[in-house]
Amino acid sequence: MLSVRRHAQTLASSFTNLPCSTQKRTYVDVYMKWKKDPYYDNIEHILRSSQLKSVVGLKNCIVQEPNRCIPISAISKKTRQFDVSTKIAQFLRKFPSIFEEFVGPEYNLPWFRLTPEATELDRLERIVYQTHAEDLRDRLRKLILMSKDNVLPLSIVQGMKWYLGLPDDMNLDSSFRFVDMEDGVKGLAVVDYSNGGGKVLSVLQKNVVKKRGGGEVSLEEIEFPLFPSKGCRLRVKIEDWLKEFQKLPYVSPYDDYSCLDPSSDVAEKRVVGFLHELLCLFVEHSAERKTLLCLKKFFGLPQKVHKAFERHPQIFYLSMKNKTCTAILREAYRDKASVETHPVLAVRKKYIQLMKNSELVLKSRRHSFGFSDEGVVVEKDLDLDFEA
């Protein structure tokens, strides 16, 4: 159910990068009764992403050791670093198909190494990183190019690495440069990037060019693909506003937006376009909503940027699983041909399969020792292609 509080505010303005037009705010507050959609709530690689991040982080820590094994004493105090809510040893023992425990050479301490299956998957993961190095650099480059001054603090880049699917030892080319920002903050900038002499196009712009057989893309031509949930009905006033919203000029997240009135509908469309492009760059085309809030300062986003997800439920879905709010780009799962699959996704799905195998191993051990497995559920793989 959606309701609207309406008031008009009209501001005449000329744009340096848009045709002379009128910016106006005709739609302010949208209140949405959240509608659950089981399809998006059960995308397995999104459901397990947070836990997988901890698994991969610990895996990387182990393989970096000279003997590719590590005593529990070396990592037992790093629960916060690996975002683990239990003891590290307890977490590692949950995944016997990935981590193998053995008694160390001294003091009978527990040590951990990768299983042969996990070792092979780690090798394949490194091959993917090497094969698709330019693709991964391009995703990082695009993230930085969407920022105000084509530069981001290293802390922001570090925080986006998991979402972008970047390796810890990523090699940067000459288009990147480390710089000093305000207050002594170290940053990463993109410089001298020509993109073959052409401008950087967003995913939406590329799809329009592809559908229309090439040529220039007019700002007025681009509309957001909408994918409403079944049974979702909008009020007439809201439907009318959405139609007008779609007709507004599209401002690419790579274009200058300084001339836009932040309170205008055009500025809101630019924010929605930025979020759409950002999620297109991510491995799972999704992200925890709270994580995206740290980007406001560097990408010219409004204070209440989170409301863009709520006002545009036909573009984004908000999943409330795992005691958090995850923003998911609908288009990536309903029209997979329009959004490129991330090269790292297949590897992550293989890690998830090992995590599921671990559940079967633990279940078998409980049976062997005569323990009841009541309440233990091995999840069915629901990461299937959407069927209309």
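Trainee: Where does His285 lie?

Mentor: In this predicted model, His285 lies in the loop between helix 10, residues 265-281, and strand 11, residues 286-288.

Trainee: And what is its phi like, positive or negative?

Mentor: The phi of His285 is positive, at about 55°, although the residue is not a glycine.

Trainee: Is His285 buried or exposed?

Mentor: His285 counts as buried, because its relative accessibility is 5%, and the cut-off for buried is under 20%.

Trainee: What about Asn150, where is that one?

Mentor: Asn150 sits in the loop between helix 6 and strand 8, and with a phi of about 60° it also has a positive value without being a glycine. Its relative accessibility is 28%, so Asn150 counts as partly exposed.

Trainee: Let me step back, then: how many helices and strands does the chain have?

Mentor: The secondary structure of the protein chain comes to 15 helices and 13 strands. The chain has 388 residues, of which 49% count as buried, and it exposes about 20,600 Å², with carbon and sulfur atoms supplying 52% of that area.

Trainee: What share of the contacts comes from residues 24 or more positions apart?

Mentor: Among contacts in the protein chain with a separation of 6 or more, residues 24 or more positions apart account for 69%. As a single pair of positions, take Asp256 and Lys148, which are 108 residues apart along the chain, while their C-alpha atoms are separated by 8.3 Å.

Trainee: Where is Asp256?

Mentor: Asp256 lies in the loop between helix 9, residues 236-247, and helix 10, and at 44% relative accessibility it counts as partly exposed.

Trainee: Now the sheets. In what order do strands 8, 9 and 10 come?

Mentor: They form an open sheet of three strands in the order 8-10-9, and the pairing is antiparallel. The edges are taken by strand 8, residues 151-153, and strand 9, residues 176-180, each of which pairs on one side only. From one strand to the next, the twist averages 30°.

Trainee: How many bridges join strand 9 and strand 10?

Mentor: Strand 9 and strand 10, the latter being residues 186-190, pair in the antiparallel sense over five bridges, and Val179 stands opposite Gly187 in strand 10.

Trainee: Which helices pack on that sheet?

Mentor: Helix 6, residues 133-145, packs on the sheet and touches strand 8, strand 9 and strand 10, with its direction at about 105° to that of strand 10. Helix 7, residues 154-164, also packs on the sheet and touches strand 8, strand 9 and strand 10, and its direction makes about 80° with that of strand 8.

Trainee: How much of helix 6 is buried?

Mentor: Helix 6 is mostly covered, with ten of its 13 residues buried; among them are Leu136, Leu140 and Leu143, but also Arg137, Asp138 and Lys142. From its first C-alpha to its last, helix 6 reaches 18 Å, close to the 18 Å expected at 1.5 Å a residue.

Trainee: And which residues of helix 7 are buried?

Mentor: The buried residues of helix 7 are Ile156, Val157, Met160, Lys161, Trp162, Tyr163 and Leu164, and just after the helix Gly165 takes a positive phi of about 75°.

Trainee: What is the order in the sheet with strands 5, 6 and 7?

Mentor: That open sheet runs in the order 5-7-6, again with antiparallel pairing. Strand 5, residues 69-71, and strand 6, residues 99-103, each have a single partner strand, so one side of each is left without a neighbour in the sheet. Strand 6 and strand 7, residues 110-114, pair over five bridges, and Phe102 stands opposite Trp111 in strand 7.

Trainee: Which helix lies across those strands?

Mentor: Helix 3 lies across strand 5, strand 6 and strand 7, running at about 100° to strand 7. Eleven of the 15 residues of helix 3 are buried, so it is largely enclosed by the rest of the structure; the buried ones include Leu52, Val55, Leu58 and Cys61.

Trainee: Since cysteine came up, how many disulfides are there?

Mentor: A search of the whole structure finds zero disulfides. As for individual cysteines, Cys325 is buried, with a relative accessible area of 12%, whereas Cys294 counts as partly exposed at 40% relative accessibility.

Note on methods. Residues are numbered from 1 along each chain as its sequence is written. This is a predicted model: local features need pLDDT of at least 70, side-chain atom pairs count only at pLDDT 80 or more; totals for chains, interfaces and linings use all residues. Side-chain values use heavy atoms; hydrogens and water are left out. A disulfide is a pair of cysteine sulfur atoms within 2.5 Å. Buried means under 20% relative accessible area, exposed over 50%, partly exposed in between (1.4 Å probe, protein chains only). Two strands pair if DSSP finds at least two bridges between them. Helices (H or I, at least four residues) and strands (E, at least two) are DSSP runs, numbered from the N terminus. Axes are lines fitted to C-alpha atoms, for helices over the stretch in contact, and angles run from 0 to 180 degrees between N-to-C directions. Contact means heavy atoms within 4.5 Å. Accessible areas come from the Shrake-Rupley method with a 1.4 Å probe; for residues, only the protein chains shown count as cover. The expected span of a helix is 1.5 Å times one less than its number of residues.
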